[in-house]
Structure formats: C-alpha cells, structure tokens
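Subject: The two-chain model, with notes

Hi there,

Here is the structure I promised to send over. Have a look at it first, and then read my notes underneath.

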Amino acid sequence: MKYIPLFIIGIIFGIILVKGEIVSWFRIQEMFRFHSFHMYGVIGSAVVVGFISVNLIRWFKIRSISGEKIDLTPKPLKKVANISGGFLFGLGWALTGACPGPIYVLIGTGAFIFVIVLISAWLGTYVYGLVRKWLPH
Amino acid sequence: MLGALFGGTIAVLITGNPVQVHVSTETLADLNKLGISDFSGLIPNDIFSINSLFTMKGMVFIVLGGFLVGFGTRWADGCTSGHAITGLSLMAPSSMLAVLGFLAGGLVSTHIILPLVL
C-alpha cells in the first residue's frame, strides 16, 4: 500500500516528461546545438521550483509522505568524480537522448529498443561498482 | 520506475502515437545533413531500431550510450534530476561541477561523435 503514492507520482512524472517533450531525442539534440530555449526553460524552471520547494520544506519542516524527515544535505563535493562522471553521463545523454528516468518513460511509450539502453545502463552501473576502487574521486 | 513507465504509456494513449515534436528548423536541417530523415515520434527510427542494433551505429547509440549513462551517473553521483534539478536547487558545488560535465559531454557527443558515427 505504501508504494501507491509513489506509483501515482511516477505516473504523473511520466506523463509530464512526454507532454513536456523532455523524452524526445530531438529536443536533446536541439539543446546541445543551442537552437531553442525549450530544454533550458524546462530545466531552469524546474530548478526555480526546486529552490522554492526545498526552502519551504526547510521552513515548515515538511515531512515525506511516509512521515520521515526529508534529508536535504547536498551531495558531497568530489571534484574529479563529479566532472569526469558528469562528462561520461553527458556523452551518453546526447547519444541516447535520455537520462535514467526517461529511459523507463520511453519504454512505456512503446520504444521497446530502450530496453537494450536500460540493460546497458544497468551494466554501466555494475561495471562502475567493479572498477570504482581504481577510479579517482 | 514502474510508475514513470506507465506514465509514458498513459501519455501516449492521451496524445496519440506517434508523439509529434516540433523542434527548431535549424536542428532539423543539421540532423538531415547527418542522414536522419524520419522526424516522427520521440526518437529517430533511423538510429533506434532492432535492425540497427547490430550495426556500428546501433552499438554506439544504443549500447555504448546506455552504458555511459549508467556508468557516468554512478561516478558523478547523480543524473539530471539528482544533480541538475535537486542539486542546483540546493546550490551544491558538487552539482554545479557535474552539470558542467554533463554539458561538456553532451557537446562532444553532439558535435564530434555524431558526425563520426552517422
């Protein structure tokens, strides 16, 4: 039962990503060619809404649906990892036109070839686990 | 994850398939020059199909692309939602660096790798 609210939020998230055209490979290409404001507008306004939300959560000490405290500690700074991992992620983002969330959404829209993208991405996280001790962070 | 997947399905049921995205004419012209001609739907069928999977193109876009998304997300400690949206909302230095990395990687793929592979 406790997963039902999460499931509903996931559905809303998926619908918004399709209707906002965020899961469009063509939109990602457009973004990396600086041909349109579309993606920058979406991400930019999401950051503004996020900024307001985290501050509201802090002021009013809002708890999560399950009643837990919401942890708003920023991710720790790991200069080399943030930049090099980010770079590899960016390479993959422009190739597949999808970041992790949209991979699931695209499969839902019927783009079943993205099951292969998903398996590759899982494999990527697995291989990271294998080699992380040799990687700079 | 499952919710987002069904959200995608519901969105297509509402909107009708294929979802037509109207990107800028400059982008269309650039992609056309690279040999992409099918602009219907959310993804280019010229690249993302079962037939292209076992070609060089399919391997790079589908298999290597997915791998980099997974590997990069773990190494950078987050993706677009974790770093770009949540991280920037929290004004986290780690997220600012990661977003710069995303942008650099995306630009290299778009302007260097795409013309080489397509």
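Below is what I found, starting with chain B and then moving to how the chains meet.

Please keep in mind that this is a predicted model.

**Chain B by itself**

Chain B has 5 helices and 0 strands, so to speak an α-α-α-α-α order when read from the N terminus. Its C-alpha atoms fit a box of roughly 40 × 40 × 30 Å along the principal axes. Of the 118 residues in chain B, 47% are buried. Among the contacts in chain B with a separation of 6 or more, 20% join residues 24 or more positions apart.

**Where the chains touch**

How many residues does each chain bring to the contact? Chain B brings 77 residues and chain A brings 78 residues. On the chain B side, α1 (2-15), α2 (25-33), α3 (56-76), α4 (80-89) and α5 (93-117) each supply at least two residues. Sorted by class, that side of chain B has 46 nonpolar, 27 polar and 4 charged residues.

One helix pair across the contact is a good place to zoom in. The axis of α5(A), taken over residues 100-109, comes within 7 Å of the axis of α1(B), and the two cross at roughly 45°. That angle makes α5(A) oblique to α1(B), and the crossing is right-handed. From α5(A), the residues that take part are A:Gly101, A:Tyr104, A:Val105, A:Leu106, A:Ile107, A:Gly108 and A:Thr109. They meet B:Ala4, B:Leu5, B:Phe6, B:Gly7, B:Gly8, B:Thr9, B:Ala11 and B:Val12 of α1(B). This set divides into 9 nonpolar, 6 polar and no charged residues.

A:Val18 is worth selecting in your viewer too. Apart from neighbours within four places in sequence, A:Val18 is in contact with A:Val23, A:Val105 and A:Thr109 in chain A, and with B:Gly8, B:Ala11, B:Val12, B:Thr15 and B:Val19 in chain B.

**The nonpolar core**

Which residues touch the most other members of the largest nonpolar core? Among its 58 residues, they are A:Val18, A:Val23, A:Phe89, A:Ile103, A:Leu106, A:Ala111 and A:Phe114. Helix α4 of chain A (residues 79-96) gives the most to this core, with 9 residues.

**Helix α4 of chain B**

Why is α4(B) described as largely enclosed by the rest of the structure? The reason is that 8 of its 10 residues are buried. The buried residues are B:Thr80, B:His83, B:Ala84, B:Ile85, B:Thr86, B:Gly87, B:Leu88 and B:Ser89. Their cover includes α3 and α5 of chain B, together with α3 (38-59) of chain A. Just after α4(B), B:Met91 takes a positive phi of about 55°.

**A helix pair within chain A**

Finally, look at α2 (residues 25-32) and α3 of chain A. Their axes come within 8 Å and cross at roughly 95°, and the two helices are therefore roughly perpendicular to each other. A:Arg27, A:Glu30 and A:Met31 of α2(A) make this contact with A:His38, A:Met39 and A:Tyr40 of α3(A). By class, the contact has 3 nonpolar, 1 polar and 2 charged residues.

Happy to go through any of this with you.

Best wishes

Technical notes
Residues are numbered from 1 along each chain as its sequence is written. Chains are lettered from A and ligands numbered from 1 in the order in which they are written. This is a predicted model: local features need pLDDT of at least 70, side-chain atom pairs count only at pLDDT 80 or more; totals for chains, interfaces and linings use all residues. Two residues are in contact if their C-beta atoms, placed from the backbone, lie within 7 Å. Helices (H or I, at least four residues) and strands (E, at least two) are DSSP runs, numbered from the N terminus. Ala, Val, Leu, Ile, Met, Phe, Trp, Tyr, Cys and Pro count as nonpolar, Asp, Glu, Lys and Arg as charged, and the others, Gly among them, as polar. Axes are lines fitted to C-alpha atoms, for helices over the stretch in contact, and angles run from 0 to 180 degrees between N-to-C directions. Angles under 35 degrees count as roughly parallel, over 145 as roughly antiparallel, 65 to 115 as roughly perpendicular and the rest as oblique. A crossing is left-handed if the near helix is turned anticlockwise from the far one by less than a right angle, and right-handed if clockwise. A residue is buried if 20 or more other C-beta atoms lie within 10 Å of its own, exposed if 12 or fewer, and partly exposed in between; C-beta atoms are placed from the backbone. A nonpolar core is a set of buried Ala, Val, Leu, Ile, Met, Phe, Trp, Tyr and Cys residues joined through C-beta atoms within 7 Å.
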